[in-house]
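Visitor: Could you walk me through this one? I'd like to hear the reasoning behind the labels.
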Amino acid sequence: MMRRNPTDPARRLRRMHDQLARVYGPQHWWPAETPFEVIVGAYLTQNTSWKAVELSLANLRSGGALNLEGLRSLSVDQLQDLIRPSGFHSRKAPAIKAFIAMLDAEFGGSIQRLGKASTSPLRDRLLALPGVGSETADAILLYALGHPVPVADEYLRRIALRHGLVNPVPAKNRKSYEALVQLTRNAFSSDPEANHAQLFNEFHALTVAVGKAFCRKTPDCAHCPLASDLRPSTKTERKA
DNA sequence: CGCCAGGCCGTGT
DNA sequence: ACACGGCATGGC
């Protein structure tokens, strides 16, 4: 019989993006005023709700520390104190400081210069920093520096898994992250003329929007706008 | 009160 | 290579 959805995971993911774009509209990500704020936010939001990140960002802003110069003038201990609300401060504060040290030592303290480096070596350089893994590196590349790289996160993993777009590989696996990135690239590769940075930007933002609402650890697929794209493989899932 | 959040890292197998 | 626990705080 004729299936109304394509079977190719990349095409299915593209359809899901289109559906989310219709439902949610433009997301205007990343929620920040400057590229530097994006970078700080990317560190702070690691395994942390954005609401908690906002508390830390407010602390930094009121202390005049939400910019390069301001953060340079803070000690690690002072920084720890300001970002305490978003957790893991003993790791995140030195990590942010290490980023600034790298920026100053290797790029003349210029984020613009940093962004002019070519994507692949730059990604490797970011990954070599403490506290920067795949997702943080890609978030910085895409949202702070405008490079056309997909960002995969826990929500995308859950969604892709639930929709059968990837093999049931466990989380926190480097290969599973790369598989999600590849899948996202494939989803938008049909039009090479398109602005992929913009597409990846919007797609990840939409993924987080739908993920926050319906794909937490206890998912609510019944009301999810992607529910019609689900392909239950079991009868029990069909019921849910 | 207990679980969870827009990950990452060190350690043990 | 991969699984697993620690990291810390605020929301709900």
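Visitor: Which residues touch the most other members of the largest nonpolar core?
Guide: This is a predicted model, mind you. Among the 54 residues of that core, I39, L79, I140, L141 and L142 touch the most other members. Helix α9 (residues 134-144) gives the largest share, seven residues.

Visitor: Why do you say this core lies between domain 1 and domain 2?
Guide: Both domain 1 (9-27 + 151-231) and domain 2 (35-144) give residues to the core, so it lies between them.

Visitor: What makes a residue a contact of I140?
Guide: The C-beta atoms have to lie within 7 Å. I39, A42, L126 and L145 touch I140, leaving out residues up to four places away in sequence, so these four pairs meet that cut-off.

Visitor: On to the DNA. How do you know which residues are near strand B?
Guide: A residue counts if its C-beta atom lies within 6 Å of the strand. There are 25 around DNA strand B, and Q46, W50, G133, T136 and E154 come nearest. Helices α9 and α12 (196-214) each give two or more residues to that surface, with α9 supplying the largest share, four residues.

Visitor: And what surrounds DNA strand C?
Guide: There are 17 residues around DNA strand C, the closest being A52, P85, G87, S90 and P170. Here α3 (50-62) and α6 (89-107) each supply at least two residues.

Visitor: How do the residues near each strand divide into nonpolar, polar and charged?
Guide: Near DNA strand C there are five nonpolar, seven polar and five charged residues. Near DNA strand B, the division is eight nonpolar, ten polar and seven charged. G87 goes with the polar residues, because Gly is counted as polar.

How values were computed: Residues numbered from 1 in each chain as written. Chains lettered and ligands numbered in written order. Predicted model: local features only at pLDDT ≥ 70, side-chain atom pairs only at ≥ 80, totals over all residues. Core = buried A, V, L, I, M, F, W, Y, C linked by C-beta atoms within 7 Å. Buried ≥ 20, exposed ≤ 12 C-beta atoms within 10 Å, placed from the backbone. Domains from an automatic or database assignment. Contact = placed C-beta atoms within 7 Å.
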